[in-house]
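Please look at the aromatic side chains and the nonpolar interior of the chain below. The paragraphs that follow go through them in turn.

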Amino acid sequence: MKARYLHGLVKSVQICQNRIQMNSPALSQIQSLHDQVNAILTSDPKVPVVMPARTLHAYRWLEVFSDPQEYERGAQTVQEYLNILSTPEFQKKIFQKRIRVALENNGYLYHVRPVGNELDIHIHAAFSGAPSPVIQALASASMGSRKKTSIRIIQEYSHSDHFQALETRLKQPIVKSAVNVNGNAHNLLDSFQRVNQRFFDGKLDQPNLVWMPRATFKCMGRYQQKADILAISPTLDNANVPTEVFDFVMYHELLHKMLSIRKVNGRNYAHTAEFRRLEKMYPKSVEINTWMNEYLASLTPKITPTPTRKQLHRKGT
């Protein structure tokens, strides 16, 4: 029931997103759907919620815009955008097409898709409440303008505190306080406390510690900076995995928390030279990496490749 309902949530939110400029009727629908989803999520507080990214983003969109003030800001942003497109300068580019504008929680800043005699315009929901010059730049860029000024204004605003804060709310994973940190052989909290005390003088704040939803064979850990979530693969929750190996993975992810992500020329770098230097300071790090590679290789099923026709011919088969 829960999985089926949450799966249908995405389609419902798409309808709501396209109605955000309709004022109170749409707000009531958003609030009603948000209440229904919350009732499902809280039906069993002991079970951690694991949502596909698209469903999670739809839920966060509902959560943000069920707030009347945030909804009003979003509606004003959409209306201002439409007002700009109604000016003679833009009407020449639109050619009497019908415009549909939606604030969406997606992976791009803006996106325009022509559908018959309509233009579907999708703007990232974190632009809700953006100042007029930013909305003007969005309108210009989304209508095909290549002015560097517009692109620069959009990019600079996407790195602003307001945009980043709203985007964090829109992408925040769901982590329940009742998530069980105790595994069959290892405990996430115990490992964090050991590593924090030994290598960070106990100065790191405890992140949200969770087990990954399924066993993995390449990525043993992951740290999500914005949500402050540190996840460890249940592949390591095995009595055959020594504590020092488990703690090494915890140490690796906590280094990401401490050092954050370094941005160079627009690209993100997590495993910097400083990161590698500190990683090697973990005792027996080389031996541990070797052990872990052998351990994972022993778990990965061996697949015999199917011989080609040429190989079969050579064997006389």
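Is Phe163 buried or exposed? In this predicted model, Phe163 has a relative accessible area of 2%; the limit for a buried residue is under 20%, so Phe163 counts as buried. Phe127 is buried as well, with a relative accessible area of 0%.

The aromatic rings come next. A pair of such rings is described by the distance of the centres and the angle of the planes. With ring centres required to lie within 6.5 Å, the model has 11 aromatic pairs. In one of them, the ring centres of Trp61 and Phe65 are 5.1 Å apart and the planes meet at 45°; this angle is neither under 30 nor over 60 degrees, so the pair is tilted. Helix H3 (residues 53-65) holds both Trp61 and Phe65, four residues apart, or about one turn of the helix. Trp61 and Phe65 are both buried.

Phe127 and Phe163 form an edge-to-face pair, at 5.0 Å centre to centre and with 65° between the planes. This pair links distant parts of the chain, 36 residues apart: Phe127 is in the loop between strand E3 (118-124) and helix H6 (132-142), and Phe163 is in helix H8 (residues 161-171). Elsewhere, ring pairs join Phe199, Phe200, Phe248, Tyr251 and Tyr282 into a cluster.

Several of these residues return in the nonpolar cores. The largest core contains 44 residues, and those with the most contacts inside it include Trp61, Phe65, Tyr81 and Phe127. Leaving aside residues up to four places away in sequence, Tyr81 touches Val101, Ile121, Ile123, Ile135, Leu138, Ala139, Ser142 and Met143. Another core, of 28 residues, lies apart from the largest one; among its members are Tyr223, Val249, Tyr295 and Leu296.

Note on methods
Residues numbered from 1 in each chain as written. Predicted model: local features only at pLDDT ≥ 70, side-chain atom pairs only at ≥ 80, totals over all residues. Heavy atoms only, no water. Phe/Tyr/Trp six-rings, centres within 6.5 Å; stacked < 30°, edge-to-face > 60°. Helix = DSSP H or I, 4+ residues; strand = E, 2+ residues; numbered from the N terminus. Buried < 20%, exposed > 50% of the residue type's maximum accessible area, 1.4 Å probe, protein only. Core = buried A, V, L, I, M, F, W, Y, C linked by side-chain atoms within 4.5 Å. Contact = heavy atoms within 4.5 Å.
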